[in-house]
Amino acid sequence: MTASDVRPPNPPWTSLTDNGGGYLSVYLNDPLARWPVREVTKPADNKSDPNIETSTYGLFSTCEPSMRKAIVSNGAATIFFMTSRHRVRWLTGYYHIGWSAPGVRGASRGDYALAADAIKFVDPIDPKTLAKPARAALLVRFRTQKPIGPDIVQQLRSEIDGKTDRTEDYLAEVKRLEQFSLEHSGFAYPSWGRADGFSWDDAPTYLPSGAEAGAVDAPNSSPTGRWRCARCDRVVANKALLKRCPACGDTGTLSPDLDAD
Ligand SMILES: [Zn+2]
């Protein structure tokens, strides 16, 4: 299977019908970054989502499984991203989801990867500058994600669409952080054992093609911060569950390692 074969709209992706609703989704941004991209350099927990390089969410990481599942079942197709800096939770951009595919843990377990047909990131917007009803929705405290109705989706979409597109600047910032990590550790993503950044060339590994059958049903966190691979039996350390074993490269094989040191 070649990389181009697995880009949407090709299988295993299926179209998502937009019902008008959406989600607010909070991500951690990188303190080393000029543009507030995901926390690529987070120690022992390098972030891969939102993966703007491929316009995907949940293809490479295990972040926010319940939101991904709800987006697929409800057609809540627009994700607006927010991130905190200097005590403000900024609005940074959106994905309009066009497709979904079962993740390596399988649709039966509610694991879906999402791919966007449109994305846009802008100069961060302070929610206090927005009119109602979006202003209230964004300023009410919520943890990492929150569903929003079509009225707020439309307001936020026109707000962002009216601004200069900075997506290329965000993309360049991800590359810069990966280069920084590479120079310091020999890996773009040391906690993943990944030398390079992410692209569609990686996607076939992360989409089910028999991998689902062998996938272990694992929780998203390990109390020890360590994971054991069912295939190679090695133990790896990472705060969040990785979809792919950094040692042998198989997917869906990690489960919490509960043995004491
Ligand atoms: Zn392994």
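Okay, a definition before anything else: when I say strand or helix, I mean a DSSP run, at least two residues for a strand and at least four for a helix, numbered from the N terminus. With that in hand, alanine 44 can be placed in the loop between strand 2 and strand 3. I'll come back to that loop. Also, please keep in mind that what you have in front of you is a predicted model.

So, the overall picture. How many helices and strands are there in the protein? Six helices and ten strands. The radius of gyration is 18 Å, and the globule rule gives 18 Å for 261 residues, so this protein is as compact as a globular protein of that length. If you draw a box around the C-alpha atoms along the principal axes, you get roughly 55 × 40 × 35 Å.

What about the inside and the outside? Of the 261 residues, 52% are buried. The accessible surface adds up to about 11700 Å², and carbon and sulfur atoms account for 51% of that. On charges, we have 32 positive and 31 negative ones, and their mean positions sit 6 Å apart. And here's one about the chain: take the contacts between residues at least 6 apart in sequence, and 65% of them join residues at least 24 apart.

Let's go to the aromatic rings. The count comes to 13 aromatic pairs. Take phenylalanine 60 and tyrosine 206: their ring centres are 5.0 Å apart and the planes are at 85°, so this pair is edge-to-face. Where do these two sit? Phenylalanine 60 is in the loop between strand 3 (56-57) and helix 1 (65-74), while tyrosine 206 is in helix 5 (residues 203-206), so the pair ties together parts that are 146 residues apart in sequence. Buried or exposed, then, for phenylalanine 60? Buried, with a relative accessible area of 0%. Tyrosine 206 is buried as well, at 2%.

The other pair I picked is phenylalanine 81 with phenylalanine 121. Here the centres are 5.9 Å apart and the planes are at 20°, so we call the pair stacked. This pair also links distant parts of the chain, with phenylalanine 81 in strand 4 and phenylalanine 121 in strand 6 (residues 112-125), 40 residues apart. Both phenylalanine 81 and phenylalanine 121 are buried. And they have company: Tyr27, Trp35, Tyr57, Phe81, Tyr95, Phe121 and Tyr170 form one aromatic cluster.

While we're on strand 4, have a look at threonine 78. That strand covers residues 78-85, and threonine 78 is part of it. Threonine 78 has a relative accessible area of 2%; the cut-off for buried is under 20%, so threonine 78 counts as buried. What does threonine 78 touch, if we skip residues up to four places away in sequence? The list is Gly21, Gly22, Tyr23, Tyr94, Tyr95, His96 and Val153. Tyr95, you may recall, is one of the members of that aromatic cluster.

Now back to the loop I promised. Lysine 42 lies in the loop between strand 2 (22-26) and strand 3. Lysine 42 comes out as buried, with a relative accessible area of 17%. Leaving aside neighbours within four places in sequence, lysine 42 is in contact with Leu28 and Lys47. Its C-alpha atom is separated by 32 Å from that of threonine 14, which is 28 residues away along the chain.

Alanine 44 is in that loop too. At 47% relative accessibility, alanine 44 is partly exposed. Now, most residues other than glycine have a negative phi. Alanine 44, though, has a positive phi of about 60°. Serine 55, also placed in the loop between strand 2 and strand 3, has a positive phi as well, near 55°. Serine 55 counts as buried, at 19% relative accessibility.

Last stop, the start of the chain. Most peptide bonds are trans. Which residues are joined by a cis bond here? Proline 8 and proline 9, with omega about 10°. The bond from proline 11 to proline 12 is cis too, omega near 10°. Proline 9 is in the segment before strand 1 (14-15), and proline 12 lies in that segment as well.

That's my tour, thanks for listening.

Terms used: Residues are numbered from 1 along each chain as its sequence is written. This is a predicted model: local features need pLDDT of at least 70, side-chain atom pairs count only at pLDDT 80 or more; totals for chains, interfaces and linings use all residues. Side-chain values use heavy atoms; hydrogens and water are left out. The radius of gyration is taken over C-alpha atoms; the globule rule is 2.2 Å times the number of residues to the power 0.38. Buried means under 20% relative accessible area, exposed over 50%, partly exposed in between (1.4 Å probe, protein chains only). Contact means heavy atoms within 4.5 Å. Accessible areas come from the Shrake-Rupley method with a 1.4 Å probe; for residues, only the protein chains shown count as cover. Lys and Arg count as positive and Asp and Glu as negative; His and the chain ends are not counted. The place of a charge is taken as NZ of Lys, CZ of Arg, CG of Asp or CD of Glu. Rings of Phe, Tyr and Trp (its six-membered ring) pair if their centres lie within 6.5 Å; planes under 30 degrees apart count as stacked, over 60 as edge-to-face and the rest as tilted.
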